[in-house]
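Work through the exercises below with the structure open. Each task is followed by a stepwise solution.

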Amino acid sequence: MMNRSIVSIADYSREQIERLLERTAEFEREPNHPHLLEGRVVATLFFEPSTRTRLSFETAANRLGARVIGFTDPKVTSSSKGETLKDTIKMVSNYADVIIMRHRLEGAALYASEVTDVPIINAGDGSNLHPSQTMLDLYSIWKTQGRLDDLNIFMVGDLKYGRTVHSLLMSMRRYNPTFHFVAPKELEMPEEYKLYCRKEGIRYVEERVFTEESIADADILYMTRVQRERFTDLMEYERVKDTYILRADMLGRCRENMRILHPLPRVNEIEQDVDDSPHAYYFQQAQNGLYAREALICQALGIE
Amino acid sequence: MMDTTKKSLQVAAIENGTVIDHIPTDKVFTIASLLQLDRCNDQVTIGNNLDSGRMGSKGIIKIANRFFSDAEISRLAAVCPNIRLCIIRDYEVVEKRIASLPDEFVGIVRCANPVCITNNEPMKTVFYVTDKEQGVVKCRYCGKEQNIEHIKLV
Ligand SMILES: [Zn+2]
């Protein structure tokens, strides 16, 4: 049997990505299909809590007419009593048609997909992969720019620990992007991803400054949170903490098509006054997550 | 002349079997455990910290009447890439084999990433060798690349 699990989309071809984008667009036009998954059971196993991602997946399943089972708190499940992941997955496989799982350990979703015939959708495995987030990011770029090719993408903030920027970077490799990595020294893009860019022939520049001038030719401004606990040197944190904050008065010279993305939740890295700008797109981006997840659930179930 | 003879006799010769020579001194016992020599009923000679012109100090393992499979030899590459094995028949070296890195290791080495699923589930590890020259391996599960030099056996 062909395994339809969606553990990673990093190796998807242009055609596979485009098909998912088209489907996501269809679900945006009409999110409600109450009979599409009638009689199906979707399991959401959140071994690590993530209310935002779980609500988005469960809403997607509900809008497609599926029944949802699952758990979110690892303390109430038997995995805290020493049951292996394999045994939990085998047990749930007896009940569900598709398993959406989030786990704190890296590689958990891939391993789960190897021990069951029920398709697994990876809703995040530690700091490793999070394909539904990547898919909604790609969709948001595609929708706002009309294409994925030849874009100037600025990634700002914590590029060291930011899983979403790493996944986005890899999934954009087939689209001839130019990346600007804007980060403080301590949180700059890890060498392995810069090496990846050089191997794949992806252009990138690294920048410390973040000003009205420096972002003037951006098509996409992908903001991330700079967290205090990520710094080993707190003096450095105090020095840079206000450098990577986007304010409305920095948008005066930016391109008309430029859109601001953020994986949310934000703290203070985007000032409230940016929310009213036509360039702000992060709330719609989060909403796109619902449509992208509807598309992913259908793909995992093999529904055209 | 006398001296050389004495040195070459530091470890007794075997009639048939396998000799692994020029082992880095810190790898001798790892190799012995990888080959499960503690469970071997044939005559096993392990020498360590012996004089070696080439590398200063070395280890050597001689196993009588044992000939290792390709799979066993490629496992050795996980701890000691390019180590040489001499196949002995009738006191003569009849063949030399090199433990070169295979394309993948299954269930042999441990992932260095503590939050990798393989370190938290009773499961086999899988590593792909991504760079044979530099000895770089990549964990199938967490995707972390690591150097074979720093890797530990399961
Ligand atoms: Zn690993």
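Two strands pair if DSSP finds at least two bridges between them. The model used here is a predicted one.

**Exercise 1. Find the partner of A:I99 in strand 4 of chain A, and place that pair in its sheet.**

Step 1. Look across from A:I99 to strand 4 of chain A: its bridge partner there is A:I120.

Step 2. Count the bridges. Strand 3 and strand 4 of chain A are joined by four, and they run parallel.

Step 3. Go to strand 1 and strand 2 of chain A. Five bridges pair them, again in the parallel sense. In this pairing A:V42 has A:V68 of strand 2 of chain A as its bridge partner.

Step 4. Assemble the sheet. The four strands of chain A form an open sheet with parallel pairing, in the order 2-1-3-4. Strands 2 and 4 of chain A each have a single partner strand and stand at the edges, so one side of each lacks a neighbour in the sheet. On average, neighbouring strands of this sheet are turned by 15 degrees against each other, direction ignored.

Step 5. Check the enclosure of strand 1 of chain A. Five of its six residues are buried, so this strand is largely enclosed by the rest of the structure.

**Exercise 2. Determine which residues of helix 3 of chain A are buried, and what they pack against.**

Step 1. Apply the cut-off: buried means under 20% relative accessible area. In helix 3 of chain A (residues 85-93), A:L85, A:T88, A:I89, A:V92 and A:S93 are buried.

Step 2. Look down the axis. These residues cover an arc of only 135 degrees, which puts them on the same side of helix 3 of chain A.

Step 3. Recall the helical repeat. An α-helix has 3.6 residues a turn, so residues three or four places apart point the same way.

Step 4. List the packing partners in chain A. The buried residues of helix 3 pack against strand 1 (41-46), strand 2 (67-71), strand 3 (98-103), strand 4 (120-125) and helix 4 (108-115).

Step 5. Add another helix. Helix 2 of chain A (residues 51-63) lies across strands 1, 2, 3 and 4 of chain A. It runs at about 180 degrees to strand 1 of chain A.

**Exercise 3. Which residues touch the most other members of the largest nonpolar core?**

Step 1. Take the 60 residues of this core: A:I99, A:M101 and B:F105 touch the most other members.

Step 2. Ask which element gives the most. It is helix 4 of chain A, with six residues.

Step 3. Follow A:I99, leaving aside neighbours within four places in sequence. Its contacts include A:A43, A:L45, A:I89, A:V92 and A:I120.

Step 4. Set a second, separate core beside it. That core has 58 residues, including A:I17, A:L21, A:L136 and A:Y196.

**Exercise 4. Explain why B:C86 is not bonded to B:C80.**

Step 1. Search the whole structure: there are zero disulfides over all chains.

Step 2. Recall the bond in question. A disulfide is a covalent bond between the sulfur atoms of two cysteines.

Step 3. Check the distance. The closest cysteine sulfur to that of B:C86 is in B:C80, 14 Å away, which is too far for a bond.

Step 4. Check the exposure. B:C86 is buried, with a relative accessible area of 12%. A:C298 also counts as buried, at 2% relative accessibility.

**Exercise 5. Locate the unusual backbone angles at A:P265, B:H22 and B:N65.**

Step 1. Fix the reference. Most residues other than glycine have a negative phi, and most peptide bonds are trans.

Step 2. Start with the peptide bond. A:L264 and A:P265 are joined by a cis bond, with omega about 0 degrees. A:P265 sits in the loop between strand 9 (259-261) and helix 9 (282-301) of chain A.

Step 3. Turn to B:H22. Its phi is positive, about 55 degrees, although it is not a glycine. B:H22 lies in strand 1 of chain B (residues 17-23). At 28% relative accessibility, B:H22 is partly exposed.

Step 4. Finish with B:N65. Its phi is near 65 degrees, again positive in a residue other than glycine. The loop between strand 3 (56-64) and helix 3 (70-79) of chain B holds B:N65. B:N65 is partly exposed, at 49% relative accessibility.

Technical notes
Residues numbered from 1 in each chain as written. Chains lettered and ligands numbered in written order. Predicted model: local features only at pLDDT ≥ 70, side-chain atom pairs only at ≥ 80, totals over all residues. Heavy atoms only, no water. Buried < 20%, exposed > 50% of the residue type's maximum accessible area, 1.4 Å probe, protein only. Helix = DSSP H or I, 4+ residues; strand = E, 2+ residues; numbered from the N terminus. Arc of directions from axis to C-beta. Contact = heavy atoms within 4.5 Å. Axes fitted to C-alpha atoms, helices over the stretch in contact; angles between N-to-C directions. Core = buried A, V, L, I, M, F, W, Y, C linked by side-chain atoms within 4.5 Å. Disulfide = S-S within 2.5 Å.
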